[in-house]
Amino acid sequence: MSELQEDTEAAHSSENAVALSEAELAALKLVEEMCSRSGQAMEANVVSAQGEYLTIALVGEDVPATWGRSGQALDALQMLLNAILHRHNPSEVRIMLDADNYRQRRRELLQNYALQIADEVKQRNEECELEPLPAHERRIIHTALADDPAISTYSEGNEPARRVVIAPRQ
Amino acid sequence: MLENLLEFLVKALVDEPDQVNITEVQQDQATTYEVRVAPNDLGKVIGKQGRIANALRTVTKAAAMKHKRKVYVEIIA
């Protein structure tokens, strides 16, 4: 094994050794149990613990085709796991599931989309309402445009039909 | 196979996992999973505006995709 490989592996294992709180460990355990009981070839890997979000990647042979293709199935599974987690204890932890790097791809897509719509909003000087998005995806839109002095964003409507509005800043 | 994921999720959602019963009904093109739970647990597997039930359907469909089968999930009191 080369030194480089050893270094990368060391970096990886120290990343995985991110100290998790008790609530985060409980969330991880739930996802691990789901994986082992699912009858599918998949495992749970902790990606990050930031604020209330514990991001866990599903990895394994069956994962890309089943959970990485559309966000719908991944979001549904994530919603069920959070419902289970919060059933008994009002845990502050929220599970964010990833599969086949879907979240990263989706983030880039939403950021580009936000910038594109913002340009159009500026040109027309007219606000634009986007399609309904889950809370964490709405946040990507708000954050992407937060530094634009000519644009303001807000959300409208009730879950699950809550949507971001991109408007010219008055 | 698929039933395992569905079974795990349903049992984890209810108060009385022992009363959960899932039967698989095979038709020509499709498989229907009949989910039975204790009457008091019905709301927990349906959810507000059917959101839990719909998520269970979406997840089960995704898991069935590699078997190229159409699946239905029916929740029965």
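## What counts as a pocket

A pocket here is an open set of grid points with protein on both sides within 12 Å along at least five of seven lines. Keep in mind that this is a predicted model.

## The largest pocket

With that in hand, the largest pocket comes out at a volume of about 1,100 Å³. Its lining runs to 30 residues, and the ones closest to the centre are A:Asp75, A:Met79, A:Pro134, A:Pro160 and B:Arg51. Both chains chip in: helix 4 (71-88), strand 3 (94-99) and helix 6 (135-145) of chain A, along with helix 3 (51-64) of chain B, each give two or more residues to the lining.

Helix 4 of chain A is the top contributor here, with nine residues. If you're thinking about the chemistry of the walls, the lining splits into twelve nonpolar, nine polar and nine charged residues.

## The second largest pocket

Next up is a pocket holding about 450 Å³ of space. It has 17 lining residues, and A:Thr55, A:Met96, A:Arg103, A:Arg107 and A:Ile140 sit nearest its centre. Chain A elements that each supply at least two lining residues are strand 1 (43-50), strand 2 (53-59), strand 3, helix 5 (102-124) and helix 6.

This time helix 6 of chain A takes the largest share, with five residues. By class, you get four nonpolar, seven polar and six charged residues in this lining.

## Helix 5 of chain A

Helix 5 deserves its own look. From first C-alpha to last, its 23 residues reach 33 Å, close to the 33 Å expected at 1.5 Å a residue. Right after helix 5 comes A:Asn125, with a positive phi near 55°.

Its buried residues are A:Tyr102, A:Arg103, A:Leu110, A:Ala114, A:Ile117, A:Ala118 and A:Val121. As for spacing, an α-helix has 3.6 residues a turn, so residues three or four places apart point the same way. The buried residues of helix 5 pack against quite a list of chain A elements: helix 4, strand 3, strand 4 (128-129), helix 6, strand 5 (151-156) and strand 6 (163-168).

## Two nonpolar cores

The largest nonpolar core has 51 residues, and A:Val31, A:Met34, A:Leu58, A:Trp67 and B:Leu9 have the most contacts inside it. Helix 4 of chain A again gives the most, here with eight residues.

There's also a second, separate core of 13 residues, and A:Ile117, A:Leu130, A:Ile140 and A:Ile166 are among them. Two of those names have come up already: A:Ile117 is a buried residue of helix 5, while A:Ile140 lies among the residues nearest the centre of the second largest pocket.

Conventions. Residues are numbered from 1 along each chain as its sequence is written. Chains are lettered from A and ligands numbered from 1 in the order in which they are written. This is a predicted model: local features need pLDDT of at least 70, side-chain atom pairs count only at pLDDT 80 or more; totals for chains, interfaces and linings use all residues. Side-chain values use heavy atoms; hydrogens and water are left out. On a 1 Å grid over the protein atoms alone, a cavity is a set of points where a 1.4 Å probe fits but cannot get out, and a pocket is an open set with protein on both sides within 12 Å along at least five of seven lines; lining residues have an atom within 4 Å of a point. Grid points are joined across faces, edges and corners, and a volume is the space filled by probe spheres set on the points. Helices (H or I, at least four residues) and strands (E, at least two) are DSSP runs, numbered from the N terminus. Ala, Val, Leu, Ile, Met, Phe, Trp, Tyr, Cys and Pro count as nonpolar, Asp, Glu, Lys and Arg as charged, and the others, Gly among them, as polar. The expected span of a helix is 1.5 Å times one less than its number of residues. Buried means under 20% relative accessible area, exposed over 50%, partly exposed in between (1.4 Å probe, protein chains only). Contact means heavy atoms within 4.5 Å. A nonpolar core is a set of buried Ala, Val, Leu, Ile, Met, Phe, Trp, Tyr and Cys residues joined through side-chain atoms within 4.5 Å.
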